[in-house]
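Open the structure in your viewer and keep the selection tool at hand. This tour goes stop by stop, with something to pick at each one.

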Amino acid sequence: MRYRQGEETMNFQNDLPLLAYMARKIRLDQGLTLENLKDDNISMGTISHIENMEGNPSESKVFYLFEILGYDRESVEELKRRELLEMETLRRKLECVENMLNDEDLTQAKELLDRYMPKEYHALFPYANYLKGLHEYFL
């Protein structure tokens, strides 16, 4: 299903992984639990399924979750743009770390990797963790 926000069109199914990540990130950054967010319209199980990309959550439930977190659709679109930019920036930084590892500049690579290491739920955590393992391998 497509919906319009301003001049952009977002495809809900294509954006679901990013929306799921953003919902979890916002919830955790706000120090909230699943229990804190549940109400008569959304269960803890549904929230968990949305965040973990399980099942096929409805668009209305996903955006209801964002409303509970304090974001309307327009705000979600802006958050999405910012998050994509931050993810691209982090990806490029991690690629630089990988190049340093390949060039055996281990001290600088380790320093930057420690600085850029994302949280476990971040989409780039597996890549960063791979780089951490690569650093250990080169030692």
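Is F66 buried or exposed? Select F66 and look. Its relative accessibility is 0%, so F66 counts as buried. Buried here means under 20% relative accessible area. Keep F66 selected, as the tour will return to it.

**Before going on: confidence**

This is a predicted model. Colour the chain by pLDDT. The mean is 91, and 93% of the residues reach 70 or more. Where is confidence lowest? Go to strand 1, residues 2–5, where the mean is 47. Confidence is highest in helix 2, residues 34–37, at 97. Now select residues 1–9. Over this stretch pLDDT stays under 50. The model has 20 contacts beyond four places in sequence for these residues. Read them with the confidence colours on.

**Stop 1: the aromatic cluster**

Add F12 and F63 to F66. The three form one aromatic cluster. How many aromatic pairs does the structure hold? There are four. Take F12 and F63 as a pair. Their ring centres are 6.3 Å apart and their planes stand at 45 degrees, so this pair is tilted. The pair links distant parts of the chain. F12 belongs to helix 1 and F63 to helix 4, 51 residues apart. Both F12 and F63 are buried.

Move on to F63 and F66. Their ring centres are 6.2 Å apart and the planes are at 40 degrees, so this pair is tilted. Follow the backbone between them. F63 and F66 are three residues apart in helix 4, so about one helical turn separates them. F63 has a relative accessibility of 4%, so it counts as buried.

Now select R73. What lies under it? R73 sits over the face of F63, at 4.2 Å from the ring centre.

**Stop 2: the largest nonpolar core**

Widen the view. In soluble globular proteins, nonpolar side chains tend to be buried together. Which residues of the largest nonpolar core touch the most other members? Select L19, M22, V62, L65 and F66. The core has 21 residues. Show helix 1 (12–29), helix 3 (44–51), helix 4 (59–68) and helix 5 (73–102), the elements that give two or more residues to this core. Helix 1 gives the most, with eight residues.

Apart from this core lies another, of 14 residues. Pick L90, L106, A109 and L124, which are among its members.

Go back to M22 and show its surroundings. Setting aside neighbours within four places in sequence, M22 is in contact with F66, V76, L79, K80 and E83.

**Stop 3: Y21**

Step one residue back and select Y21, in helix 1. At 10% relative accessibility, Y21 counts as buried. Which residues does Y21 contact, beyond its neighbours within four places in sequence? They are E83, Y121, H122 and A123. Now draw a distance to G55. The C-alpha atoms of Y21 and G55 are separated by 15 Å, while the two residues are 34 apart along the chain.

**Stop 4: a buried glutamate**

Select E51, in helix 3. Is E51 buried or exposed? The relative accessible area is 7%, so E51 is buried. Add R27. A polar contact of 2.6 Å joins the side chains of E51 and R27. Then show the wider set. Neighbours within four places aside, E51 is in contact with A20, A23, R24, R27 and L34.

**Stop 5: two positive phi angles**

Most residues other than glycine have a negative phi. Two places to check follow.

Select M53, in the loop between helix 3 and helix 4. Phi of M53 is near 60 degrees, a positive value in a residue other than glycine. With a relative accessible area of 37%, M53 is partly exposed.

Then select E104. Where is E104 found? Look in the loop between helix 5 and helix 6 (106–116). E104 has a positive phi of about 65 degrees, although it is not a glycine. Is E104 buried or exposed? Its relative accessibility is 60%, so E104 counts as exposed.

**Last view**

Select F12, F63 and F66 once more, the aromatic cluster. Then add R73 over the face of F63, and the tour is back near its opening selection.

How values were computed: Residues are numbered from 1 along each chain as its sequence is written. This is a predicted model: local features need pLDDT of at least 70, side-chain atom pairs count only at pLDDT 80 or more; totals for chains, interfaces and linings use all residues. Side-chain values use heavy atoms; hydrogens and water are left out. pLDDT is the predictor's confidence in each residue, from 0 to 100. Helices (H or I, at least four residues) and strands (E, at least two) are DSSP runs, numbered from the N terminus. Contact means heavy atoms within 4.5 Å. A nonpolar core is a set of buried Ala, Val, Leu, Ile, Met, Phe, Trp, Tyr and Cys residues joined through side-chain atoms within 4.5 Å. Buried means under 20% relative accessible area, exposed over 50%, partly exposed in between (1.4 Å probe, protein chains only). A polar contact is a pair of N or O atoms within 3.5 Å; within protein, one must be able to donate a hydrogen and the other to accept it, and residues adjacent in sequence count only if both atoms are side-chain atoms. Rings of Phe, Tyr and Trp (its six-membered ring) pair if their centres lie within 6.5 Å; planes under 30 degrees apart count as stacked, over 60 as edge-to-face and the rest as tilted. A charge sits over a ring if NZ of Lys or CZ of Arg is within 6 Å of the ring centre and within 35 degrees of the ring normal.
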